[in-house]
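The following exercises invite the reader to work through a protein model step by step. Each task is followed by a worked solution.

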Amino acid sequence: MSSTFDQIATIIAETCDIPRDRITPESHAIDDLGIDSLDFLDIAFAIDKEFGIKLPLEKWTQEVNDGKATTEEYFVMKNLAAHIDELVAAKGA
Amino acid sequence: MHLEFFQLIDRITDLNIGAKTIAAEAQVPEKNTIFEGHFPGYPLMPGVLLIETMAQASGWLLIALMKFERMPFLGAVKEAKMRGFVSPGETLKIDASIVHEGSGFAMTSAEISVRGQLRCNATLTFRHIPFPNPDLRGHMDAVARRIGFPQEMILHD
């Protein structure tokens, strides 16, 4: 079974036409991979479907806008994968 | 259709919250300056306006699902296919359904048919936000009443 990181890296590669080998756990989806907010909706859609969750994009964006979180916290790949794992675990709890 | 005011839905004929679907109708006007340019001697409803019509029907469905508290804005149009011409005077049946409800966004599938024949379809993505001001909310309330949006779904402050 592939890791959450591998699964979302594949989603991003296919959704945004980015070479898979460019996407590492340290990649920042916005700053490094150049994914904009509209493209990220397609990624969120695919992640929601793949993991059976609802990625709380509005909450995350609000936290970033309010200065309570950095974009790195949610949009660096390894951190995004960790948040997805938390959401999946919370769903199953 | 009130093309000048970009109000493209005439009436909602069915709104099913449980199934997350909407059906609406719109009458393409017989005469409009748009048809003088699109095209001279061969008037056709522009595809972009058909896409907007599908977007507006989808928007009303989303407004209903969000209990008239948020306003959807068109973000992306995918797989839009103009399958047949739409001419002045024709009555359009517009159907839309939810593909996905995300956080702050939604995707719909919509189509327009005339006399049972599919004329166009698309998958649409919307971002939605709380109504940005009372003016827009009031305007949407008024349009909702005009097109037969179920009044019990309109929450008042």
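**Exercise 1.** Locate K20(B) in chain B and determine whether K20(B) is buried, partly exposed or exposed.

*Solution.* Step 1: in this predicted model, K20(B) sits in the loop that runs between β1 (11–16) and β2 (21–27) of chain B. Step 2: the backbone of K20(B) has a positive phi of about 60°, although the residue is not a glycine. Step 3: the relative accessibility of K20(B) is 31%, and therefore K20(B) counts as partly exposed.

**Exercise 2.** Determine where E79(B) lies and whether E79(B) is buried or exposed.

*Solution.* Step 1: E79(B) belongs to strand β3 (residues 70–82) of chain B. Step 2: phi of E79(B) is near 50°, a positive value in a residue other than glycine. Step 3: the relative accessible area of E79(B) is 56%; exposed means over 50%, so E79(B) is exposed.

**Exercise 3.** Describe the surroundings of F35(B) and identify the residues joined by a cis peptide bond in chain B.

*Solution.* Step 1: F35(B) is part of helix α1 (residues 34–37) of chain B. Step 2: F35(B) has a relative accessibility of 8%; buried means under 20%, so F35(B) counts as buried. Step 3: apart from neighbours within four places in sequence, the contacts of F35(B) include V28(B), P29(B), P40(B), L44(B), M45(B) and P88(B). Step 4: the cis peptide bond links H38(B) to F39(B), with omega about 0°. F39(B) itself is in the loop between α1 and α2 (47–65) of chain B.

**Exercise 4.** Check whether the span of helix α1 (residues 4–16) of chain A agrees or disagrees with its number of residues, and state what its buried residues pack against.

*Solution.* Step 1: the helix has 13 residues, which at 1.5 Å a residue should span 18 Å. Step 2: the end C-alpha atoms are 18 Å apart, so the two values agree. Step 3: the buried residues of α1(A) are T4(A), F5(A), Q7(A), I8(A), A9(A), I11(A), I12(A) and A13(A). Step 4: in an α-helix there are 3.6 residues a turn, so residues three or four places apart point the same way. Step 5: the buried residues of α1(A) pack against α2 and α5 (77–92) of chain A. Just after the helix, D17(A) adopts a positive phi of about 55°.

**Exercise 5.** Characterise the interface of chain A and chain B.

*Solution.* Step 1: 12 residues of chain A contact 14 residues of chain B. Step 2: about 1,100 Å² is buried between the chains, and carbon and sulfur atoms give 60% of that area. On the side of chain A, L41(A), F45(A) and E58(A) lose the most area to chain B, together 46% of what that side buries. Step 3: two salt bridges cross the interface. In a salt bridge at 2.4 Å, N to O, K78(B) meets D42(A). Step 4: α2(A) provides the largest share of the side of chain A that touches chain B, seven residues.

**Exercise 6.** Identify what the side chain of the buried residue D48(A) reaches.

*Solution.* Step 1: D48(A) lies in helix α2 (residues 37–51) of chain A. Step 2: although buried, D48(A) has no salt bridge, and K54(A), the nearest side chain of opposite charge, is 7.2 Å away. Step 3: the side chain of D48(A) reaches the backbone nitrogen of L55(A) at 2.9 Å. Step 4: leaving out residues up to four places away in sequence, D48(A) also touches residues of chain B, namely H100(B), G102(B) and F105(B).

Conventions
Residues are numbered from 1 along each chain as its sequence is written. Chains are lettered from A and ligands numbered from 1 in the order in which they are written. This is a predicted model: local features need pLDDT of at least 70, side-chain atom pairs count only at pLDDT 80 or more; totals for chains, interfaces and linings use all residues. Side-chain values use heavy atoms; hydrogens and water are left out. Helices (H or I, at least four residues) and strands (E, at least two) are DSSP runs, numbered from the N terminus. Buried means under 20% relative accessible area, exposed over 50%, partly exposed in between (1.4 Å probe, protein chains only). Lys and Arg count as positive and Asp and Glu as negative; His and the chain ends are not counted. A salt bridge is a side-chain nitrogen of Lys or Arg within 4 Å of a carboxyl oxygen of Asp or Glu. A polar contact is a pair of N or O atoms within 3.5 Å; within protein, one must be able to donate a hydrogen and the other to accept it, and residues adjacent in sequence count only if both atoms are side-chain atoms. Contact means heavy atoms within 4.5 Å. The expected span of a helix is 1.5 Å times one less than its number of residues. Buried area is the accessible area (1.4 Å probe) that two parts lose on being put together, summed over both.
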